[in-house]
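Trainee: I am new to this structure and would like a close look at a single part. Please take the helices of one chain and the surface they form, and then set that part beside the rest.

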Amino acid sequence: MSIFNDDKVKKLEQGYEEWAEERAKGIAGAGDYTTDSGIPMKLLYTPVDIKDFEYEDIGFSGAPPFVRGIYPNMYRGRMFTQRQLAGFGTPSDLNKRFKYLLKHGATGVNTLFDLPTIRGYDSDCPQAAGNVGDCGCSVDSVLDIEELYDGIPIDEVSVSVVTHLPSTNVAILAMYIVMAEKRGIPFEKLSGTNQNDFIMETCVGSAPEILPPRASFRLQCDAVEYSTKHLPRWNPISYNGYNLREAGTDAITEVGVALSNAIATSEELIRRGMKVDDFARRLSFFWDLFNDFFEEIAKCRASRKVYHDIMKERLNAQAERSLLMRYHVQTAGITLTAKEPLNNIARSAIQGLAAILGGAQSLHIDSYDEAYSAPTEEASLVSLRTQQIIGVETNVTNTVDPLAGSYFVEHLTKEVADRIKAYIAKIDEMGGLVAAVESGWLHNEIANYAYEMQGETESGKRQIAGVNYFPQEGRASETIEVFSYPEETEELQKEKLRTFRKSRDDAKHKKCMDELRAVCHRDENVMPYVIDAVKAFATLGEIEDVFRTEFGLWQFPLV
Amino acid sequence: MAGADKILIAKLGLDIHWRGAMIVSRFLRDSGKEVVYLVNSFPEEIVDAALEEGVSVVGLSTLCGNHLTLGPKVVQLLKERGAGDVAVFIGGTIPPADIPRLKAAGLTEVFPPESSLSHILECVNSCSVVS
Amino acid sequence: MSWTDYFERFLQRDRLATGRLISLLESGADQEEVQELMKACLTQKKDAYVVGITGVPGSGKSTLIDQLGSWLADQGHTVGVICVDPSSPFRGGAILGDRVRFKNLSRRKGCFVRSMATRGHLGGLGVATHDVVQLLEAGGYDVVIVETVGAGQSEVEIMRTADTVVLVTVPGLGDQMQVMKAGIMEIGDVFVVNQSDRPGAKDTVERLRNDIAMFGKGEWRPPVVSTVATKNEGIAELGEAIIQRLNFLVEKGEKIKLRKTRDLGAWSKLLEQRFSDSLNDFINNDEMGRAIQEKLEAGKIDIYQASCEAWSRIVRSGGE
């Protein structure tokens with residue numbers, strides 16, 4: 001029995017047919033319209049389209065199934081965290097940028113690392129050459145972590161440490177812990193997030209050396225297990241739908257894969273003897289926000305519903321806190337153009353608005369110079385202001401989930417939720433997400449979708465203002481200031497490494513590394529051993545070399 | 001079916017974004033080219049492969065800012081090994097201000113974001129086959 | 001530049017020179033240059049050991065070859081590798097992605113890795129492969145490994161071009177019987193069960209040994225070797241088996257015979273290609289050829305008559 005009166009719905013159905021026949025037939029705009037992920041979009045939605053709708057399907061805010069939002073008061077109680085990504089140069093360069101953003105009202109810090117750090121190479125490694133300090137901050141050791149967060153009140157602000165890969169995440173998390181201990185900060189006060197997603201390590205990004213998916217997944221779970229037991233306010237994982245989406249998937253796949261990962265993680269931790277209610281409340285998610293305004297909002301709402309259902313029905317979570325999904329959103333970088341870059345301010349503002357209408361906990365708005373380089377201070381500020389405009393000037397945050405009840409949005413939310421569930425079932429059939437990645441299936445999905453999208457853009461089927469929709473020939477791109485990476489970073493980091501290595505106790509270092517090597521082959525959590533290695537002054541590259549040697553390397557599937 | 005042009009496509013250094021390189025490779029294949037697809041490689045490996053495979057064009061893909069450091073290195077190594085007639089293209093997140101510097105360093109074509117696939121193919125076709 | 005400009009350096013195993021000469025062979029342009037080059041190669045009078053390696057996709061062949069090649073290089077051999085990938089039958093292009101797996105081999109001195117596309121040759125191995133093998137041989141590579149896609153027909157092709165055929169499989173790969181049905185068992189000289197750290201490896205090895213015993217291959221008893229290429233396990237055993245086979249071939253005078261078979265096979269393929277080109281030319285460009293085609297299309301004659309008429313035309317014109 002739905003929220004609608006059956007008789008009235010029947011009458012409405014008739015009325016709709018009449019309207020369609022008398023007023024909407026043969027008029028302009030005929031044809032098939034769909035959302036980005038292919039869900040059909042009708043001309044007009046009415047209660048008939050959601051005639052089976054029960055209010056319990058969405059519930060109240062802050063109550064299961066949490067479709068309307070995970071807190072009763074949402075943004076009234078707690079404004080979304082305006083967390084702008086920052087990352088470049090040496091740790092002290094980035095430290096300055098943190099202080100700048102905090103001074104201008106940012107309520108959290110979000111750290112991006114350079115490629116050598118992300119993939120676990122010290123700055124003086126041959127593989128690091130030419131990449132140190134580009135696109136992110138360079139970290140080689142615990143000293144760098146100390147420098148990075150020097151003077152930042154890490155017990156008061158929320159710190160997101162964007163360690164994409166589980167293999168480097170264990171090392172950097174260990175360094176963070178050691179740093180906090182040295183500063184005398186109790187672990188219960190540390191509030192923050194790691195990304196730590198094996199999909200990033202083995203699927204989304206290519207690299208010269210990659211760990212096998214199973215090994216990366218193990219390290220992912222090690223970090224979650226350790227953090228659950230020792231860092232009560234820390235989110236040890238942020239399932240990364242964003243980068244998967246950017247690589248080339250639609251909204252359904254984005255969420256389907258992330259939730260499959262959550263299922264796999266939970267099942268593994270349960271195997272290790274934990275209870276789902278111990279760790280579930282600290283699992284978090286990271287979504288992309290693309291251009292299809294309503295589909296993205298529906299995706300946000302639908303993902304909360306599917307997560308709730310999985311946690312409750314499949315994993316048997318008992319605590320309410322285990323059933324609610326928290327997520328950070330980043331607006332879609334790949335939709336931002338190099339041509340006429342100032343247009344990107346409009347694009348990301350619209351995407352940011354959708355994120356808030358969808359109920360995100362924190363937001364990063366991409367800067368207008370996204371297609372050129374890491375953001376300049378100026379561009380970074382515009383992004384922050386965009387968030388603030390949404391937050392304090394539009395009044396959208398004064399009421400919770402304002403789009404609920406829209407015939408279209410509720411219909412779309414349900415449709416998206418159903419499709420996500422079907423996608424998860426498909427992955428189940430393949431033996432779970434790790435198996436689906438090992439076989440190269442997911443890589444193929446990405447490659448095919450990305451190739452198709454490119455075709456649509458080039459043919460003009462997918463319209464982009466200023467690029468293939470009324471492009472201005474001969475118009476010079478705005479001469480915007482483009483950020484240049486500081487060039488001395490590599491030398492500075494190399495120098496630090498030289499001193500660092502000299503200052504350590506070699507015997508102690510060797511012992512810790514040997515023990516780390518050994519634990520790789522046991523069914524035991526690596527974290528305590530990584531922490532010991534960090535305390536013995538092991539560098540990031542050295543720890544990663546152990547993983548590469550002990551777990552072996554895996555070949556990225558050819559697509 | 002003799003005489004299909006042969007091109008090498010590589011991800012430059014540690015850059016993780018493989019979508020663009022994959023799309024360009026597929027498109028070139030569908031246009032009848034033979035593409036040696038290298039995934040992540042460093043300049044020495046790229047040049048070794050270019051020589052062994054006898055390619056006319058080396059295509060570098062990077063979205064992470066190492067184009068000015070590693071791109072010219074590839075050009076230089078090719079020259080040193082006597083293969084200065086191999087054209088080197090580079091594509092990815094390249095700011096307009098860097099394009100003249102790259103060209104001055106010997107990169108024949110630079111493809112910033114939104115370069116069309118057909119334009120890339122045109123450039124490939126206008127490169128002569130090294131003999 | 002002509003081939004002579006590169007030949008000196010090619011004999012020193014210079015990568016650039018070797019690469020360019022192979023490209024010349026592949027391009028098929030200017031038949032005269034190719035002939036001259038091949039003559040010059042033959043005068044070097046070298047004799048390489050040609051090893052064909054094939055198997056199902058996903059069996060880890062490339063990683064295996066990378067390790068095997070390194071082992072052979074450690075023993076003092078110079079190793080050339082040709083990896084063959086299929087060209088798209090419709091548009092003729094190809095993505096040649098095998099060489100990424102040759103991490104060790106492609107950097108070693110005295111080793112050379114080249115990708116080749118099949119370019120529409122039905123057999124799975126390009127027409128030029130035979131020439132490239134002879135070229136590498138002349139250039140001083142004493143072992144030349146040819147890797148193929150393992151799609152069925154190409155295995156038979158390798159039989160014609162290799163001294164030793166290595167067949168790679170993995171534990172529990174579907175139905176072993178399927179492999180037998182394709183007639184594959186008959187062409188293998190050495191069998192490898194790779195990824196043998198997976199469950200079922202022992203059974204797979206046992207079954208293979210039984211199957212081989214059933215077929216028999218004359219005097220040579222094909223060994224079955226277990227490997228885990230990613231961990232470099234079993235590679236030395238494989239290398240030794242391959243060298244043993246070489247010794248066997250030389251002792252029994254088989255190696256020379258195989259070389260002759262190879263040359264005959266290549267000659268036959270070359271003739272096939274020329275004839276096929278001629279035919280197409282006749283049908284599409286020759287006035288008489290087109291006339292016959294029109295009659296056929298108009299239903300005035302059937303395909304057998306058309307065939308007879310075309311044939312007598314071609315024979316009369318001396319095959320031009």
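Mentor: What follows starts with helix α10 of chain C and the surface patches there, then moves to other helices, to salt bridges and to some backbone details. The model is predicted, and every value below is computed from it.

Helix α10 of chain C covers residues 254-285. One of its residues is C:Phe275. With a relative accessible area of 38%, C:Phe275 is partly exposed, because partly exposed covers the range between under 20% and over 50%. C:Phe275 belongs to a nonpolar patch on the surface, together with C:Leu279, C:Ile283, C:Trp311 and C:Val315. The accessible area of these residues together is about 450 Å². Two helices of chain C, α10 and α12 (303-316), each give at least two residues to the nonpolar patch. The largest share is that of α10(C), with 3 residues.

Charge is also found on this part of the surface. C:Asp277, C:Asp281, C:Asp286 and C:Glu287 make up a negative surface patch. Of these, C:Asp281 sits in helix α10 of chain C. C:Asp281 has a relative accessible area of 43% and is therefore partly exposed.

Helix α5 of chain C, residues 129-138, gives another picture: this helix is mostly covered, with 9 of its 10 residues buried. Among the buried residues are C:Val132, C:Val133, C:Leu135 and C:Leu136. The buried residues also include C:His130, C:Gln134 and C:Glu137. Just after α5(C) comes C:Gly140, with a positive phi of about 105°.

A third helix of chain C, α8 (residues 201-215), holds both C:Arg209 and C:Glu206. The two are 3 residues apart, about one turn of the helix. An α-helix has 3.6 residues a turn, so residues three or four places apart point the same way. The side chains of C:Arg209 and C:Glu206 form a salt bridge, at 3.8 Å from N to O. Both partners are partly exposed: C:Arg209 has a relative accessible area of 40%, and C:Glu206 has 42%.

The loop between β7 (190-193) and α8 of chain C contains C:Gln195. This residue has a positive phi near 55°, although C:Gln195 is not a glycine. Most residues other than glycine have a negative phi, and most peptide bonds are trans.

Chain A has a case of each kind. In the loop between α14 (377-393) and α15 (407-429) of chain A lies A:Asp401, a residue other than glycine whose phi is positive, about 45°. A:Asp401 is buried, with 7% relative accessibility. The peptide bond from A:Pro64 to A:Pro65 is cis, and its omega is near -5°. A:Pro65 lies in the loop between α1 (6-22) and α2 (74-77) of chain A.

Salt bridges can also join parts that lie apart in sequence. Over all chains the structure holds 68 salt bridges. In one of them, the side chains of A:Glu225 and A:Arg272 meet at 2.7 Å, N to O. A:Glu225 lies in helix α8 (residues 213-230) of chain A and A:Arg272 in the loop between α10 (251-271) and α11 (276-279) of chain A, so the pair ties together parts that are 47 residues apart in sequence. A:Glu225 is buried, with a relative accessible area of 9%.

In chain B, a salt bridge links B:Lys33 and B:Asp5, whose closest N and O atoms are 3.6 Å apart. B:Lys33 is in the loop between α1 (19-30) and β2 (34-41) of chain B and B:Asp5 in the segment before β1 (6-12) of chain B, so this pair ties together parts that are 28 residues apart in sequence. Both B:Lys33 and B:Asp5 are buried.

Chain B as a whole has 5 helices and 5 strands. Read from the N terminus, its elements run β-α-β-α-β-α-β-α-β-α. Of its 131 residues, 65% count as buried. The C-alpha trace of chain B spans about 40 × 30 × 25 Å along its principal axes. Its radius of gyration is 13 Å, which agrees with the value near 14 Å for a compact globule of 131 residues.

Key: Residues are numbered from 1 along each chain as its sequence is written. Chains are lettered from A and ligands numbered from 1 in the order in which they are written. This is a predicted model: local features need pLDDT of at least 70, side-chain atom pairs count only at pLDDT 80 or more; totals for chains, interfaces and linings use all residues. Side-chain values use heavy atoms; hydrogens and water are left out. Patches are made of residues with over 30% relative accessible area and no salt bridge: like charges are joined within 9 Å, nonpolar side chains (Val, Leu, Ile, Met, Phe, Trp, Tyr) within 5 Å. Accessible areas come from the Shrake-Rupley method with a 1.4 Å probe; for residues, only the protein chains shown count as cover. A salt bridge is a side-chain nitrogen of Lys or Arg within 4 Å of a carboxyl oxygen of Asp or Glu. Lys and Arg count as positive and Asp and Glu as negative; His and the chain ends are not counted. The place of a charge is taken as NZ of Lys, CZ of Arg, CG of Asp or CD of Glu. Helices (H or I, at least four residues) and strands (E, at least two) are DSSP runs, numbered from the N terminus. Buried means under 20% relative accessible area, exposed over 50%, partly exposed in between (1.4 Å probe, protein chains only). The radius of gyration is taken over C-alpha atoms; the globule rule is 2.2 Å times the number of residues to the power 0.38.
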